[in-house]
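Q: I'm new to this one and would like a close look at a single part, with any special terms explained along the way. Could you start small and build outwards from there?

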Amino acid sequence: MASAKDVAAYIVTKMGTLDTMKLQKLLYYSQGWYLAGEGVPLFPEEIQAWANGPVVRDVYAMHRGEFKVDTPERLGEPDRLSDAEKAVVDMVITHYGKLSGWELSQASHDEAPWKKARVKNQVKDGEPSMIKISEESMQEFFSSLR
């Protein structure tokens with residue numbers, strides 16, 4: 001199984017320089033669509049329901065304080081992804097890659113997985129949170145879109 005850092009490196013390899021918010025949201029969408037299609041996670045790291053949308057904390061720690069990410073080799077190893085994993089990430093890039101990080105953040109705020117995690121734990125809009133977005137809620141939500 002690839003790590004979130006490997007998936008992030010693959011995304012940056014495919015897309016080139018992108019803002020960190022966009023990278024985080026593409027990780028979320030990759031995880032969600034992989035769960036919907038395969039029934040298992042794409043990567044083992046948890047996704048948290050932060051104020052600006054879903055975030056993989058382990059990846060965030062690697063680019064904290066930076067606005068852009070442009071060096072995939074600093075993140076992980078994109079070749080660790082299988083062809084099936086790459087296919088899902090490629091689909092996510094095609095579908096969501098044209099949107100900005102802010103647009104993806106706003107979209108995630110309208111979706112059940114982020115909302116459920118925050119509402120269940122009584123986190124108000126704009127408040128910080130490190131609450132996990134459950135894989136079950138992502139799988140359920142993205143499966144409903146298929």
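What is the relative accessible area of E66? Once that's settled, please follow the contacts from there into the helices.

A: A quick note before we dive in. This is a predicted model, where local features need pLDDT of at least 70, side-chain atom pairs count only at pLDDT 80 or more, and totals for chains, interfaces and linings use all residues. Residues are numbered from 1 along each chain as its sequence is written, and side-chain values use heavy atoms, with hydrogens and water left out.

So, to E66. Its relative accessible area is 32%, which makes E66 partly exposed (buried is under 20%, exposed is over 50%, and partly exposed lies in between, using a 1.4 Å probe and protein chains only). You'll find E66 in the loop between α3 (57–63) and β4 (68–69). Those labels come from DSSP runs numbered from the N terminus: helices are H or I with at least four residues, and strands are E with at least two.

Setting aside residues up to four places away in sequence, E66 touches T20 and R74 (a contact means heavy atoms within 4.5 Å). Take T20 as the next stop. Along the chain, E66 and T20 are 46 residues apart, yet in space their C-alpha atoms are 7.3 Å apart.

T20 sits in helix α2, and at 12% relative accessibility T20 counts as buried. Besides E66, the residues that T20 touches beyond four places in sequence include H63, F67, K68 and V69.

Now follow α2 (20–38), because it is part of what covers the buried residues of helix α4, together with α1 (4–15), α5 (101–109) and α7 (135–144). What does α4 itself look like? With 14 residues (83–96) at 1.5 Å a residue, α4 should span 20 Å, and its end C-alpha atoms are indeed 20 Å apart. The expected span is 1.5 Å times one less than the number of residues.

The buried residues of α4 are E85, K86, V88, V89, V92, I93 and Y96. They cover an arc of only 160° around the axis, so they sit on the same side of α4; that arc is taken from the directions between the helix axis and the C-beta atoms. A bit of background helps here: an α-helix has 3.6 residues a turn, so residues three or four places apart point the same way. On the face of α4 turned away from the buried side, you'll see the exposed residues D83, T94 and H95.

How do the neighbours pack against α4? Two packed helices are described by the angle between their axes and the distance between the axes. For α2 and α4, the angle is about 125° and the axes are 9 Å apart. The axes are lines fitted to C-alpha atoms, for helices over the stretch in contact, with angles from 0 to 180 degrees between N-to-C directions. α2 and α4 are therefore oblique to each other: under 35 degrees would be roughly parallel, over 145 roughly antiparallel, 65 to 115 roughly perpendicular, and the rest is oblique. On the α2 side, L26, Y29, S30, W33 and Y34 meet A84, E85, V88, V89, M91, V92 and Y96 of α4.

α2 passes α4 in a right-handed crossing, meaning the near helix is turned clockwise from the far one by less than a right angle, while anticlockwise would be left-handed.

α1 crosses α4 as well. Their axes come within 11 Å and cross at roughly 55°, so α1 and α4 are oblique to each other. α1 also passes α4 in a right-handed crossing. Here V7, Y10, I11, K14 and M15 in α1 meet K86, V89, D90 and I93 in α4.

As for α1, its 12 residues should span 16 Å at 1.5 Å a residue, and its end C-alpha atoms are 16 Å apart, which agrees. A4, D6, V7, A8, A9, Y10, I11 and V12 are buried in α1, and its buried residues pack against β1 (18–19), α2, α3, β4 and α4. That list takes in α3 and β4, the two elements on either side of the E66 loop. Just after α1, G16 takes a positive phi of about 80°.

One last stop, in another of α4's covers. S105 lies in helix α5 and is buried, with a relative accessible area of 0%. Leaving aside neighbours within four places in sequence, S105 is in contact with M21, K25, N52 and G53.
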